Amino acid sequence: METLWFILVALMIAGYAVLDGFDLGAGIIYLIAARTAPERQTIMRAIGPVWDGNEVWLLAAGGTLYFAFPLLYASSFSGFYLPLMMVLWLLMLRGIGIELRAHMDNPVWRGFFDFVFFAASGLLAIFFGAALGNVVRGVPLGPDQYFFEPLWTNFRVGVNNGILDWYTILTGVIALVALTTHGALYIATKSEGDLNNRAQRIAIRLWPVQLSLTVVGLIASVFIRPTVLDNYKHHAIGLLIPVVVFCALALMMHGIIQRWEKVAFVASAVYIIAMLVGAAFALYPVVLPASTDPARSLTIYNASAGQHGLRVGFAWWITGMILALGYFVFVYRRFRGKIRLESEGY
């Protein structure tokens, strides 16, 4: 049951990264790709029906994590208290920027909340990437399996790490570039004309940066934690994951060049999922590595809830997922296709 719940949590996090990732990316390119009021309205309408629903997956993943691995939840959320509060504020500010910009037809009012939406989206992408970097790098777990990290120390990777160091900043930048490309490809599928062309240009210009950062990120991960290769050495099937990552990047570029908008967007989603699955595969069965003493690391076995709770919870999880997926299928089908400003909406 522990392995099953590890897979479920990983898939929910990957689902959140793909779904909320494209509207985060839409926010990042918002002030760059959209240069007129109608174009900005188009981006808002592209994400308007789904952005708040996409964020539910973050809550669902957090709730599932709390249920299945309570010690991991308690340890990580206490150690990451400061960045957690920053993420919550950014989530709130992003929602405020989306909802309040249209309350007054005033250029100063709309410009302010447009900037709030743009800045919060970019910072969230960086923070989420840095959070993943902290998990891969490890945290200074104590004998009681709790820890504290300052926001930064000397930006070096070692025993006394800060939340931000050169490696976690790198993973933050990788997330920023990947989600910006993902959002640009989504906007390309939902728009026409100049906005569509600008979104395509953003994606094609970021593609070589994304490819380079992917290679650098993989090398850096092996450098700071060589044990991430252990599962790949013992289970050859894991070698398919990096193949999928680079095939997805190649298909993404091909889709952009051929202007196959949906193909390029799906390839971007596959890239994000494969990167996160690769990280989960490398860490398994560890869920929070200790940078102090590997014996203190939290695993799916010493951090999980009881077997009875995991079995009962699985039945309720399936019920909840059926309802949630049914809702998402309905919403995405209802609002599929290109955006038309003549219709009602954001």
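A residue is called exposed when its relative accessible area is over 50%, buried when that area is under 20%, and partly exposed in between. With that in hand, let us walk through this structure, which is a predicted model.

A good place to start is Trp 89, in helix 6, which spans residues 81-100. Trp 89 has a relative accessibility of 56%, and therefore counts as exposed. Trp 89 also has company at the surface: together with Leu 88, Met 92, Leu 93 and Ile 96, it makes a nonpolar patch of about 470 Å². The spacing of such numbers along a helix is worth a thought. An α-helix has 3.6 residues a turn, so residues three or four places apart point the same way.

For a contrast, turn to helix 3, made of residues 37-47. Is this helix mostly covered or mostly open? It is mostly covered, as eight of its 11 residues are buried. The buried set consists of Glu 39, Gln 41, Thr 42, Ile 43, Met 44, Arg 45, Ala 46 and Ile 47. Arg 40 is worth finding too, since it lies over the face of Tyr 30, 5.7 Å from the ring centre. You can see a similar arrangement further along the chain, where Arg 334 lies over the face of Phe 335 at 5.4 Å from the ring centre.

Aromatic rings deserve a tour of their own, as the structure holds 24 aromatic pairs. One of them joins Phe 112 and Phe 113: the ring centres are 5.0 Å apart and the planes meet at 80 degrees, so this pair is edge-to-face. Phe 113 has a relative accessible area of 9%, and so is buried. Another pair, Trp 166 with Phe 223, is tilted, with 6.4 Å from centre to centre and 50 degrees between the planes. This pair links distant parts of the chain, for Trp 166 belongs to helix 8 (residues 166-190) and Phe 223 to helix 9 (residues 193-224), 57 residues apart. How accessible are the two partners? Trp 166 counts as partly exposed because its relative accessibility is 34%, while Phe 223, at 64%, is exposed. Elsewhere, Phe 22, Trp 57, Tyr 186, Phe 265, Tyr 327, Phe 328 and Tyr 332 come together in one aromatic cluster.

The backbone has a few surprises as well. Most residues other than glycine have a negative phi, and most peptide bonds are trans. Which bond here is cis? It is the one from Tyr 284 to Pro 285, with omega near 5 degrees. Pro 285 sits in the loop between helix 12 (261-283) and strand 1 (286-288).

The loop between helix 7 (107-137) and helix 8 holds Gln 145, and Phe 155 is found there too. Gln 145 has a positive phi, near 65 degrees, and Phe 155 has a positive phi of about 65 degrees; neither is a glycine. Their surroundings can be told apart by accessibility: Gln 145 is buried because its relative accessible area is 18%, whereas Phe 155 is partly exposed at 35%.

Asn 161 completes the picture of this loop between helix 7 and helix 8. At 2% relative accessibility, Asn 161 counts as buried. What covers it? Setting aside neighbours within four places in sequence, Asn 161 is in contact with Arg 137, Gly 138, Glu 149, Pro 150, Thr 153, Arg 156 and Ser 291.

Methods: Residues numbered from 1 in each chain as written. Predicted model: local features only at pLDDT ≥ 70, side-chain atom pairs only at ≥ 80, totals over all residues. Heavy atoms only, no water. Patch = residues over 30% accessible without salt bridge, like charges linked within 9 Å, V, L, I, M, F, W, Y side chains within 5 Å. Areas by Shrake-Rupley, 256 points an atom, 1.4 Å probe, with all protein chains shown as cover. Salt bridge = Lys/Arg side-chain N within 4 Å of Asp/Glu carboxyl O. Helix = DSSP H or I, 4+ residues; strand = E, 2+ residues; numbered from the N terminus. Buried < 20%, exposed > 50% of the residue type's maximum accessible area, 1.4 Å probe, protein only. Phe/Tyr/Trp six-rings, centres within 6.5 Å; stacked < 30°, edge-to-face > 60°. Lys NZ or Arg CZ within 6 Å of the ring centre and 35° of its normal. Contact = heavy atoms within 4.5 Å.
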